Amino acid sequence: MTELVGFQAQLTILNNAYAAQLPDKIKQIEQAWSHLPLGEWHEEGFQALYRMVHSLTGSGKIFGFSVLSQVARNLEEYLNHFVQIKMPPDAEQRNQIQALLNELRLSYGDALFLTTAPRSMSQLALPNHYR
């Protein structure tokens, strides 16, 4: 039983460390996107952006951030189209990518709440008149 508690504690530490890195990971993705030239295909830049999003898709799922992972998956699939055809997105497509990036940022906030939210009713701080 003690081993299980220790293992769970280690998983919690890893999960918290991952969650702490998420703002930087998302910021790096947003910066990579903002540095891509408008109307020009930039192979290296798009590949780097795609890899960062792909990594977030997989790691998010591994660490239990399923909503974040799904949003990243949607962005990854959208970006993959441009990686395959090697053409820059037009204005409407750029707006769609930006919307997906915004959704990614919002899903991080939801993920953070879920990792810090009480896991059971007994952990909720109830007003005295409900106890």
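This report describes the fold, the salt bridges and selected local features of a predicted model of one protein chain.

**Overall architecture**

The protein chain contains four helices and zero strands, arranged along the sequence as α-α-α-α. Of the 131 residues in the protein chain, 30% are buried. Among contacts with a separation of 6 or more, 66% join residues 24 or more positions apart. The accessible surface amounts to about 8800 Å², and carbon and sulfur atoms contribute 57% of that area.

**Salt bridges**

The model has three salt bridges, listed here with the distance between their N and O atoms.

| Pair | N to O distance |
|---|---|
| R105 and E30 | 2.7 Å |
| R73 and E76 | 3.0 Å |
| E43 and K86 | 3.3 Å |

R105 pairs with E30; R105 belongs to helix α4 and E30 to helix α1, so this bridge ties together parts that are 75 residues apart in sequence. R105 is partly exposed, with 39% relative accessibility.

The bridge between E43 and K86 likewise links distant parts of the chain, with E43 in helix α2 (residues 43–62) and K86 in the loop between α3 and α4, 43 residues apart. E43 is partly exposed at 31% relative accessibility, and K86 is partly exposed at 44%. K86 also takes a positive phi of about 55°, just after α3.

R73 and E76 form a bridge inside helix α3, where they stand three residues apart, about one turn of the helix. R73 is partly exposed at 33% relative accessibility, whereas E76 is buried at 4%.

**Helix α3**

Helix α3 covers residues 66–85, a run of 20 residues. From its first C-alpha to its last it reaches 29 Å, close to the expected 28 Å. Its buried residues are L68, S69, V71, A72, L75, E76, L79, F82 and V83. E76 thus appears in this buried set and also takes part in the salt bridge with R73.

**A buried arginine without a partner**

R94 is located in helix α4 (residues 91–116). R94 is buried but has no salt bridge. The nearest side chain of opposite charge is D90, 8.5 Å away, and a salt bridge requires a separation within 4 Å, so this pair does not qualify. Apart from neighbours within four places in sequence, R94 contacts W33, L36, P37, L38 and P89.

**A nonpolar surface patch**

L4, F7, L11 and L14 make a nonpolar surface patch of about 380 Å². One of these residues, L14, lies in helix α1 (residues 2–34) and is partly exposed, with a relative accessible area of 49%.

Definitions and conventions. Residues numbered from 1 in each chain as written. Predicted model: local features only at pLDDT ≥ 70, side-chain atom pairs only at ≥ 80, totals over all residues. Heavy atoms only, no water. Helix = DSSP H or I, 4+ residues; strand = E, 2+ residues; numbered from the N terminus. Expected span 1.5 Å × (residues − 1). Buried < 20%, exposed > 50% of the residue type's maximum accessible area, 1.4 Å probe, protein only. Patch = residues over 30% accessible without salt bridge, like charges linked within 9 Å, V, L, I, M, F, W, Y side chains within 5 Å. Areas by Shrake-Rupley, 256 points an atom, 1.4 Å probe, with all protein chains shown as cover. Lys, Arg positive; Asp, Glu negative; His and termini not counted. Contact = heavy atoms within 4.5 Å.
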